[in-house]
Amino acid sequence: MSKSKELFSEAKKYIPGGVNSPARAFKAVENDPLFIEQGKGAFIYDVDGKKYIDYVGSWGPMILGHNHPAVVEALQQQLMKGSSFGAPTKLETILAEMVVEGVSSVDKVRMVNSGTEATMSALRLARGYTGRTKIIKMEGCYHGHGDSLLVEAGSGITTLGIAGSAGVPAKMAEETIVVPYNDISALEEVFKEYSQDVAAVILEPVTGNMGVVAPKNGYLESLREITKKYGTLLIFDEVMTGFRLAYGGAQELYQVEPDLTTFGKIIGGGLPVGAYGGKREIMNYIAPEGPVYQAGTLSGNPLAMTAGISTLKLLKEEGVYNTLEEKGKLLEAGIQENIRKVDIPVVFSRIGSMFTLFFNGSDVTDYQSAKGSNTKAFSIYFNKMLEEGIYLPPSQFEANFISLTHSKDEIEATVEANYKALLEVKEKAKL
Ligand SMILES: *Cc1c(COP(=O)(O)O)cnc(C)c1O
């Protein structure tokens, strides 16, 4: 038995399902998770000593690659001074200022400890600010596991094949209205009925949690217009896309400004962080300045701030996002060529350094079309890639991430493995 398998059976005795987040289980791909010993650049090493090219990147944060020397050095220095005080430090202001300067729609920002906390808090703020209760979300978008948001919530739930979650009161779920992503007329219909009741529309401007799906031309602009018309706040959940698709996130890429934005993943540089920010007049509703309460013992933690600051500093350098785009292009060209050669129905969807290979014969533009993907084929693909030393997210409905440390060599090795894996899928899944 491998060490990973041994550790997994041990973990299952003490931890539900053996994992601290369901996305880490390899259930959908009929395998057991690898236990990881260490990471370096584009690589991770499991406890059995096998080396993998990593496209999970801790589910998004590791845009600089694992164990970046500058981040490690900054963390070591901060650690010598102490790890938490529960009192203000200048680090919080430095990171907040970096976010405000980097993201044009954000005047003020509040740090929290996870993306889930960021979206929960942003919704409470939207409800407090507007005095309204209903929320509109898009089918297949994931915004963390807050009660209001655990409705039609994408990858984790789709992967496990459950509709939503037990334990979410129907009363709570009723306040959430779900419409398809990329569908403006469905949204207009809802607004006709609930014009005065909707506190916020929340979405992933580019989705990652049903796999990577881009907004149609004009979709985000229309969302902006409609929400403005009805006095509803527009929240971009950029926990995944913030500092990933551009320094200023998807809103910079598409030039659409939301009222509130949620962050996480990259701004914590691999430590647990989330944040939400937006227009001054809205953010001033938060306690102690305003009546909307939100707090956190470890919020703005000095180590987490340090990792975030040193990560953003490096991302701010000239040409970073062009470099990521070049890497993405190189990978895409190789994989598209493989798809042609193998002649297999696969859609390769990529924006910058985020991509998903959908085993799907038709375009993927929303959750319904994403769900039409062949998960059996994905499972074969995933396991063959793993065997070839490529570590992918263990679900069809996830985003893969390229880091700045994925060099031409790693990308070429990935393309080579992809060819073998596509052949195997064609043969075994009879595509
Ligand atoms: C990961 C993610 C979250 C949740 O963040 P956690 O830190 O896991 O709580 C929320 N929204 C989006 C878009 C995400 O990708």
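Start with helix H3, which gives the most to the lining of the second largest pocket, with five residues. The model on screen is predicted.

**The pocket.** Select residues 90-102 for H3, then add strand S4 at 108-112; each of the two supplies at least two residues of the lining of the second largest pocket. This pocket has a volume of about 480 Å³. Its lining comprises 24 residues, and those nearest the centre are Glu92, Arg110, Met111, Ser299 and Gly300. Colour the lining by residue class: 11 are nonpolar, 10 polar and three charged.

**Lys265.** Next, select Lys265, which sits in the loop between strand S9 (260-263) and strand S10 (274-278). An unreviewed UniProt entry annotates Lys265 as "modified residue: N6-(pyridoxal phosphate)lysine". Is Lys265 buried or exposed? Neither label applies: Lys265 is partly exposed, because its relative accessible area is 24%, and buried would require under 20%. Now show its surroundings. Apart from neighbours within four places in sequence, Lys265 is in contact with Trp59, Gly60, Pro61, Val239, Met240, Gly270 and Val273.

**The four-stranded sheet.** Finally, display strands S1, S2, S3 and S13, which form an open sheet in the order S1-S2-S3-S13, with mixed pairing. Strand S1 (36-40) and strand S13 (390-391) are at the edges; each has a single partner strand, so one side of each lacks a neighbour in the sheet. Zoom in on S3, residues 51-54, where two bridges join this strand to S13 and the two run parallel. To find one end of a bridge, pick Ile53 in S3; its bridge partner in S13 is Ile390.

Terms used. Residues numbered from 1 in each chain as written. Predicted model: local features only at pLDDT ≥ 70, side-chain atom pairs only at ≥ 80, totals over all residues. Heavy atoms only, no water. Pairing = 2+ DSSP bridges. 1 Å grid on protein atoms, 1.4 Å probe; cavity = no way out; pocket = protein on both sides within 12 Å on 5 of 7 lines; lining within 4 Å. Points joined across faces, edges and corners; volume = space filled by probe spheres on them. Nonpolar A, V, L, I, M, F, W, Y, C, P; charged D, E, K, R; others polar. UniProt positions renumbered as here; feature names shortened; annotations may be inferred. Buried < 20%, exposed > 50% of the residue type's maximum accessible area, 1.4 Å probe, protein only. Contact = heavy atoms within 4.5 Å.
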